[in-house]
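Hi everyone, thanks for coming. Let's walk through this one together, with the chain up on the screen.

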Amino acid sequence: RALAFKPKAVVLKLIINFSTHRMSTSLRHEIDELKKRRKKAQNENDLLEEAKICNQLGGLSSQCGDHQQALQYHQYELSLSEAVGDRLGAAVAHRRVGECECELGNYESALSHQEEHLRVAEELGDQTEVQRALTTLGRTYLHQADRGKGDETDQLLRKAGTAFLKSLDVCDKLVRAVPEREVLSMRSRSYLNLGLVYEIRGDYKSAREFMQKALGIVKELGDTDTVFRCHLDLGSLRLKENHPSEAVSCFHEALAVLKKKPNPQQMADTLREMAKAYLLLSDFEAAKDCLKKVCRCAQNVLGEGETVGYSLRAVCKVMKYRKEVEEVGMDRVNDRLQLLEKLGDLCCNLGAYPSAIHYYEQQLSLAEAHGAEPEALSKVYYSLASTHTDCKHFSEAMTYHERELKLWERRPLELCSTWSNIARLHEAAGRDKSEVQKAYHTAIQCAKEVNSPEDLVPLVVQPLIVWNSGAIPWT
């Protein structure tokens, strides 16, 4: 770790991406049977039947996480539906193509297809498809917003919220036209989606209320798919609210639903979130068990490149080093310091921030007790400041940066680095722009005393370019 600059600790997201294209025997059998039926439909030139089969094959491919394959099937479905003049079938295919494009991150294409679905549904006067179209459009805006920044995110969230509210209005029109259960199911999904909008906005209280409202409806209906989503999304929300124990309970509820209706992709998603919760609880044994189960789910999940193995190895290393710290003699100070630093770094990379802070604090106490050099102390101060920043403990982070400043009273390069880090802390904390500018200005004053300008590029110049859009206030 460089003393002067350390990138913000990145939470390993434990995203399940597997290179293997294996799947469960039952799922493979179902797909094989559909392929045989498709071949038969092709031989009989039954385009409408082939379109229906492509719809089913696309759905199963999406269930396995192979959205690229699903996209191809739904594109075939679209072409076939258009060839036989099935406008509603083509509209539905547009929706399914759009959903796949959204999963692949091709949002412009996704919205184009989904808007066509809405246009045709409105022309045909099919309110059920209009409701689905609005919901799908809202979900795509939501996906975009989750990956957007600043004003772009706000605009996308407004569009998503508007689409979901319109979908609720359509539900009112459907009360006498379709079975009550179907209307309630539609309404519950719209409530759940509105909860996700508020979650991204940071209004967790409103998000939780909408999600619980959705859960209350679907529990009565026995809609297992939406019940699962409610429990999973509520668990993820409780994680963001820093209530990992409650999150674990939600994930257990989600897994209980999956026992009734197994889905390998959903199983992997739930276990990965549960592992994150256990890591926040410093329960590495339970996190390891979750990750092992995710590895077993690999047989049924498709994707690109395995990453969960790294997380599992990291957790195993944490457990190994914890044991070594307990066993190493108190007289072997350097060995203990190294182990504690490794533990802190590993926990930080895994997102187990409470444990990371615990080990860095132990490292600092040991280093101070044995008169460590300023360089060694500064590394620990920075690790603690960075980790507290990741946890949004901004006042604690500032305390450690201030301790760094005291170490470097006559070291301009190190002072420059620390003030630059303080500026980024102010940014992360949402402080007034003048405070950020003042910290950068102090860093620049320190920089003027440095004899090697090239050393300043990663410390001050690059962060300033990002923050000030290229206009660097050198005076």
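First, a bit of vocabulary: buried means under 20% relative accessible area, exposed means over 50%, and partly exposed is in between, using a 1.4 Å probe and protein chains only. Please keep in mind that this is a predicted model, where local features need pLDDT of at least 70, side-chain atom pairs count only at pLDDT 80 or more, and totals for chains, interfaces and linings use all residues. Residues are numbered from 1 along each chain as its sequence is written, and side-chain values use heavy atoms, with hydrogens and water left out.

Let's begin with Lys 293. Its relative accessible area is 41%, so Lys 293 is partly exposed. Lys 293 lies in helix α13; helices here are DSSP runs of H or I with at least four residues, numbered from the N terminus.

Now for Asp 390. Is Asp 390 buried or exposed? It is buried, because its relative accessible area is 14%. You'll find Asp 390 in helix α17, which covers residues 374–390. The C-alpha atoms of Asp 390 and Leu 425 are 9.8 Å apart, with these positions 35 residues apart along the chain.

Finally, the cysteines. How many disulfides does a search of the whole structure find? Zero, where a disulfide is a pair of cysteine sulfur atoms within 2.5 Å. Take Cys 416, which is in no disulfide: the nearest cysteine sulfur belongs to Cys 446 and is 6.3 Å away. Cys 416 has 0% relative accessibility, so it counts as buried. Cys 230 also counts as buried, because its relative accessibility is 0%.

Notes:
Helices (H or I, at least four residues) and strands (E, at least two) are DSSP runs, numbered from the N terminus.
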